Amino acid sequence: MSKSIEEILAVAEDEAYHRVTTATIAAVPQALRDEHEALVALLPTLLSDTIEDHPDRLVTAERIIEIEAEMEASTIEFRFRCIGHRAWADLLRAHAPTKEQLRQDRSLDHNPETFPDAAMAASCVEPAMSVEDVARLAASPLIDVTAWSRLWNACIKANVVDKNPKSLAAAGLIRHRSEESGPPPSTTESLAAFSSGE
């Protein structure tokens, strides 16, 4: 059923339809990590010995569970929302690669030193962050390589990536079932079929 441009714009401008992705990072005090590591190291001994040898082993096990619950509760969630094609393109232009960066990599479409901070500041809705906030966060020891990758990937997924490999694999399985021939396709095969328009 066709829609009028007014109906399409109403959907396009409705925040309920804007893609949102999340990323979580752990903010666990080192003392808690150390305690957890020490107690987990005791587990093989506690499990192999008798209760008489370690009468407090249940207390130790309960403490491990408590710490893990605290660690789980210590995660911080970041929510990124798609800013739209035009705003993303404007950011790319504002943070174009330098001549030196292009000499090193001609495929660059952005300045890798400034664009990620600007893109994350523009996209992150919870918590709201300025470019300076993102730079401070990235410079903190809390944000290791893995944490930064999670944040950046969530930002990219909100704004650029709109194909879910798992969903494509599921679509491939459904297609295979209807055809009833050969083994189920792998995720790679499903992606290839999708991109080829099959």
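Where is the place of leucine 9? Leucine 9 sits in helix H1, which covers residues 5–12, and the model in which that helix appears is a predicted one. The protein contains 10 helices and three strands, and read from the N terminus its elements follow the order α-β-α-α-β-α-α-α-β-α-α-α-α. Of the 198 residues in the protein, 24% are buried. The points below take up the surface patch, the helix packing, the salt bridges and the stretch around a cis peptide bond.

**Surface around helix H1**

- A nonpolar surface patch of about 260 Å² is formed by Ile5, Ile8 and Leu9, and the last of these, leucine 9, belongs to helix H1.
- Leucine 9 has a relative accessibility of 39% and therefore counts as partly exposed, since that class lies between the 20% limit for buried residues and the 50% limit for exposed ones.

**Helix packing around H6**

- Two packed helices are described by the angle between their axes together with the distance between those axes.
- Helix H4 (residues 85–94) and helix H6 (residues 115–123) have axes that come within 10 Å and cross at roughly 155°; because angles over 145 degrees count as roughly antiparallel, H4 and H6 are assigned to that class.
- The crossing in which H4 passes H6 is right-handed.
- H6 also meets helix H7 (residues 131–139), with axes that come within 8 Å and cross at roughly 120°, and H6 and H7 are therefore oblique to each other.
- The handedness of the crossing between H6 and H7 is right-handed.

**Salt bridges that involve strands E2 and E3**

- The salt bridges in the model come to seven.
- One of them joins arginine 81 to glutamate 15, with the closest N and O atoms 3.7 Å apart; because arginine 81 lies in strand E2 (residues 75–81) and glutamate 15 in the loop between H1 and strand E1 (20–26), this pair ties together parts that are 66 residues apart in sequence.
- Within this pair, arginine 81 is partly exposed, with a relative accessible area of 22%, whereas glutamate 15, at 51% relative accessibility, counts as exposed.
- Another salt bridge is formed by glutamate 126 and arginine 79, whose closest N and O atoms are 3.8 Å apart; since glutamate 126 lies in strand E3 and arginine 79 in strand E2, the pair ties together parts that are 47 residues apart in sequence.
- Glutamate 126 counts as partly exposed at 45% relative accessibility, and arginine 79 is likewise partly exposed, with a relative accessible area of 27%.

**Helix H4 and a salt-bridge network**

- Arginine 93 forms a salt bridge with aspartate 90, and the closest N and O atoms of this pair are 2.3 Å apart.
- Arginine 93 and aspartate 90 are separated by about one helical turn, because they stand three residues apart in helix H4.
- Arginine 93 counts as exposed, at 58% relative accessibility, while aspartate 90 is partly exposed, with a relative accessible area of 38%.
- Elsewhere, Glu35, Arg63, Glu66 and Glu70 are joined into one network by salt bridges that share partners.
- Arginine 93, which lies in helix H4, is 17 residues from histidine 110 in sequence, and the two are 7.6 Å apart in space from C-alpha to C-alpha.

**From strand E3 into the loop before H7**

- Most peptide bonds are trans.
- The peptide bond that leads from glutamate 126 to proline 127 is cis, with omega near -5°.
- Proline 127 is located in the loop between E3 and H7, whereas glutamate 126, on the other side of that bond, lies in strand E3.
- Serine 130 is also found in the loop between strand E3 (124–126) and H7, and at 28% relative accessibility serine 130 counts as partly exposed.
- Serine 130 and aspartate 117 are 13 residues apart in sequence, and their C-alpha atoms are 8.6 Å apart in space.

Definitions and conventions: Residues numbered from 1 in each chain as written. Predicted model: local features only at pLDDT ≥ 70, side-chain atom pairs only at ≥ 80, totals over all residues. Heavy atoms only, no water. Patch = residues over 30% accessible without salt bridge, like charges linked within 9 Å, V, L, I, M, F, W, Y side chains within 5 Å. Areas by Shrake-Rupley, 256 points an atom, 1.4 Å probe, with all protein chains shown as cover. Salt bridge = Lys/Arg side-chain N within 4 Å of Asp/Glu carboxyl O. Helix = DSSP H or I, 4+ residues; strand = E, 2+ residues; numbered from the N terminus. Buried < 20%, exposed > 50% of the residue type's maximum accessible area, 1.4 Å probe, protein only. Axes fitted to C-alpha atoms, helices over the stretch in contact; angles between N-to-C directions. Parallel < 35°, antiparallel > 145°, perpendicular 65-115°, else oblique. Left-handed = near helix turned anticlockwise from the far one by under 90°.
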